[in-house]
Structure formats: structure tokens, C-alpha cells
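Student: I have a model open and would like to go through it bit by bit. Can we start with a single residue and work outwards?

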Amino acid sequence: KQVRLSLRPPSFEPEVPWEFPRERLFVRLKIGEGTFGEVWRAKADGILGRPGRVAVAVKMLKVHYTPEERQSLIKELEIMKLLQPHPNVIQLLGCCTQSEPMCVIMEYAVNGNLQELLRRQRSAYNINDLSQDSPESNKQRNINLQLNDLKRFGLHVASGMEYIASRELLHRDLAARNVLVDENMVCKVGDFGSARDVIQMRQYESKTQRRLPIRWMAPESLVQCVYSQQSDIWSYGVLLWEVITLGSSPYPGMGGPDVINFIQKGCRMSKPTHCSDALYAIMKDCWNQFPPKRPSFSILRHRMIAILDEPG
Ligand code: ACK
């Protein structure tokens with residue numbers, strides 16, 4: 001009996017049909033501009049088997065876009081296709097790529113980006129109360145966030161990044177502005193416009209010019225343009241600093257070149273007023289000059305769990 005050999009290897013994971021019919025996408029309101037694209041709020045009818053019209057976020061190119069910007073959006077889509085659903089990562093729901101304008105459709109996070117959410121809390125917060133977790137004073141000022149909520153944000157991002165790192169991906173632009181917050185105050189890592197695939201590559205060397213997020217960058221990225229999972233961990237340390245300072249801009253009062261000098265000399269941001277020693281120790285470990293000495297995202301996730309209910 002002859003055995004017929006199939007030329008194609010069996011497909012265990014059926015290709016998800018990402019393409020979504022444009023006529024079932026109802027774009028409503030522009031909610032903001034990203035590095036190279038615009039983000040719109042929209043409704044999608046029956047996307048990924050979900051019943052009815054669901055709220056989605058749609059990323060498109062600006063009217064006058066450069067070929068590089070188009071390439072970035074395509075790259076972002078390709079990266080998002082590699083990610084399985086994870087509670088702390090913005091999920092791709094579909095795309096429209098067969099005609100213009102190209103659209104990347106993703107889950108909608110109703111509370112917007114983490115940096116602005118933190119800044120919105122400032123007016124309500126008496127910053128001196130941050131270390132006290134006082135429900136009474138919070139009620140008076142209609143405050144929603146407690147110190148523990150801030151630590152929980154850090155935990156969510158560590159979990160999302162642990163997953164991204166496990167997929168052998170680099171985010172390269174991890175910052176509070178690129179984390180989104182859903183209706184349950186769960187943080188989700190988003191904006192994969194700078195992300196890269198590092199399969200079979202230990203480190204990624206950037207060859208293209210792009211606007212650099214200097215204040216979030218590791219020294220080896222600033223000086224040698226070298227990116228690795230350890231440089232994402234450096235950025236995570238800066239993100240923790242942003243969270244505990246309710247969305248302050250890192251290295252306050254310093255210009256970009258000063259920041260680079262400061263880091264190169266081995267100096268680091270000091271402990272913010274309302275930051276516990278344990279949380280500051282985590283940040284400092286992320287900012288180790290020597291990349292292999294920085295903790296992994298798995299370790300960071302465990303350390304964030306450990307400090308969750310600690311006072312301060
Ligand atoms: O605070 P925001 O409304 O949250 O302003 C920024 C803007 O687009 C530019 O990035 C918003 N945004 C981006 N992706 C999403 C998303 N998936 N869900 C909700 N808002 C989003 C972001």
C-alpha cells in the first residue's frame with residue numbers, strides 16, 4: 001500500500017482569519033494620536049465571533065503618512081498577530097489591510113493610557129496622603145486610587161511583559177503612556193509600534209532612525225543602540241517610577257543630553273517621596289548598569305506580589 005506524503009506539514013493551529021470586513025466597522029471618534037498613527041473609537045459588528053457590536057480601538061495612519069510610518073503600522077500588526085490573548089496585553093481583534101485606509105483593530109481600554117490616568121488622580125489626591133491609605137480622606141476627595149492600586153498597576157505590567165518576553169519579543173517603548181487601562185482598572189501593555197521580534201537573536205541593534213524615548217532607555221540602548229529584554233526591564237523600572245509619582249516626567253528638570261550624562265556616570269533617580277524602600281529597591285535593580293544583573297520579568301512579577309500588601 002502506498003503512503004501519500006503531504007508536502008505541507010499539518011497545521012495544528014488554524015490560521016486566524018484576521019481580515020475584518022470594513023463595512024462591519026463603524027468608526028466614531030478620534031481619541032488620540034500615537035507615534036505614527038491615529039487611534040479612533042469604533043464599533044465592530046461580530047468581530048472574532050463576539051456577538052453584536054462591540055467597542056474597539058482602531059489604529060490608522062495619519063492622512064499624510066510616510067512609507068516608514070506605513071511600514072511601522074504593518075510591523076505593529078505583525079507583532080500583535082504573534083500574541084495570544086493575555087489579560088495584561090492589548091489584544092488584536094482584526095485588521096483591514098486589503099484596501100485603504102489600513103486599520104488595526106484592537107480591544108478598547110476605556111480608561112485610556114496609564115500616564116494620563118495617573119495625572120488625572122493628582123488633582124483629587126493630596127499627595128501627602130499617598131503613604132497612608134486612608135479610606136476616609138479618599139472618600140472626601142472622591143479618590144479612587146490607593147497606594148496598593150499603584151503597586152497593582154506595576155504587577156499588571158510585569159505580568160504582561162513577562163508574557164511578551166516569553167514570546168521572544170522586545171517592546172522597546174515601555175512607558176506609562178503606552179500602557180492602557182480597562183474598565184476594571186486592569187493595565188494592559190499596548191503600542192507595539194516599536195516592538196521587534198528577537199527569535200534567534202540575543203540582542204537587537206536598531207538601524208533605523210526613530211524618535212527615541214531617551215528617559216526610558218537603558219544606557220546600552222542610548223550609547224550602542226543595543227536592545228534586549230534587559231533594556232525593556234530598565235524601562236519597566238522607569239515606569240514604576242512614573243506610577244509612584246502619579247505620572248511625573250522622569251529626570252525632572254533635566255534636558256535629554258543631561259539625562260544621558262547622568263545615567264552614564266552611574267547616577268540614578270532618587271527615591272520618590274511616597275515610595276517604599278522595597279519598591280525603590282526593585283527600580284534600582286532594573287537600573288543595574290550591567291544588563292545581565294537586572295531581574296527578569298518573572299522575578300519582577302513575584303517581587304511585586306510580595307510587596308503588594310506591605311505597608312508603605
Ligand atoms: O489616553 P488615551 O485616550 O489612550 O490617549 C491615547 C491615544 O489613543 C494615543 O495612543 C488611546 N488609545 C490607544 N490605544 C487604545 C486602546 N486600545 N483603547 C483605548 N484607547 C486607546 C490612548
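Student: Where is the place of C286?

Tutor: C286 is in helix 8, residues 277-286. Helices (H or I, at least four residues) and strands (E, at least two) are DSSP runs, numbered from the N terminus. Before going on, note that this is a predicted model, in which local features need pLDDT of at least 70 and side-chain atom pairs count only at pLDDT 80 or more, while totals for chains, interfaces and linings use all residues. Residues are numbered from 1 along each chain as its sequence is written.

Student: OK. Is C286 buried or exposed?

Tutor: C286 is buried, because 23 other C-beta atoms lie within 10 Å. The cut-offs are these: buried takes 20 or more other C-beta atoms within 10 Å of the residue's own, exposed takes 12 or fewer, and partly exposed is in between, with C-beta atoms placed from the backbone.

Student: And which residues does C286 touch?

Tutor: Leaving out residues up to four places away in sequence, C286 touches I233, W234, Y236, G237 and R294. Touching means contact: the two C-beta atoms, placed from the backbone, lie within 7 Å.

Student: Further along, where does S296 lie?

Tutor: S296 lies in the loop between helix 8 and helix 9 (297-307). S296 is partly exposed, because it has 15 other C-beta atoms within 10 Å. Its C-alpha atom is separated by 7.9 Å from that of E162, although the two are 134 residues apart along the chain.

Student: Let's zoom out. How many helices and strands are in the protein?

Tutor: The protein has nine helices and 11 strands. It has 312 residues, of which 37% count as buried. Among contacts with a separation of 6 or more, residues 24 or more positions apart account for 65%.

Student: Which residues have the most contacts inside the largest nonpolar core?

Tutor: They are V56, I105, V157, Y236, L239 and L240, in a core of 75 residues. A nonpolar core here is a set of buried Ala, Val, Leu, Ile, Met, Phe, Trp, Tyr and Cys residues joined through C-beta atoms within 7 Å.

Student: Which helix gives the most to this core?

Tutor: Helix 6, residues 229-244, gives the most, with nine residues. As for L240, it touches G154, L279, I282 and M283, not counting residues up to four places away in sequence.

Student: Switching to strands. In what order do the five strands of the open sheet come?

Tutor: The order is 1-2-3-5-4, with antiparallel pairing. Two strands pair if DSSP finds at least two bridges between them. Strand 1 and strand 4 (92-96) stand at the edges with a single partner strand each, so one side of each has no neighbour in the sheet. From one strand to the next, the twist averages 30°.

Student: How many bridges join strand 1 to strand 2?

Tutor: Seven bridges join strand 1 to strand 2, and V27 has A42 in strand 2 as its bridge partner. Strand 2 and strand 3 pair over nine bridges; there, V39 has K59 in strand 3 as its partner. Strand 4 and strand 5 are joined by four bridges, including the one between L92 and M106 of strand 5.

Student: What about the loop between strand 4 and strand 5, which proline has its place there?

Tutor: P101 is in that loop. The peptide bond from E100 to P101 is cis, with omega near -10°.

Student: What is phi of R172 near?

Tutor: Phi of R172 is near 70°, which is positive in a residue other than glycine. R172 lies in the loop between strand 6 (169-170) and strand 7 (179-181). L246 is not a glycine either, and has a positive phi of about 50°.

Student: Last topic, the ligand. How many residues surround the ligand?

Tutor: There are 16, and the closest are G32, V39, A57, G112 and N113. A residue counts if its C-beta atom, placed from the backbone, lies within 6 Å of the ligand. Strand 1 (25-33) and strand 5 (103-107) are the elements that give two or more residues to this shell, and strand 1 gives the most, with three.

Notes. Axes fitted to C-alpha atoms, helices over the stretch in contact; angles between N-to-C directions.
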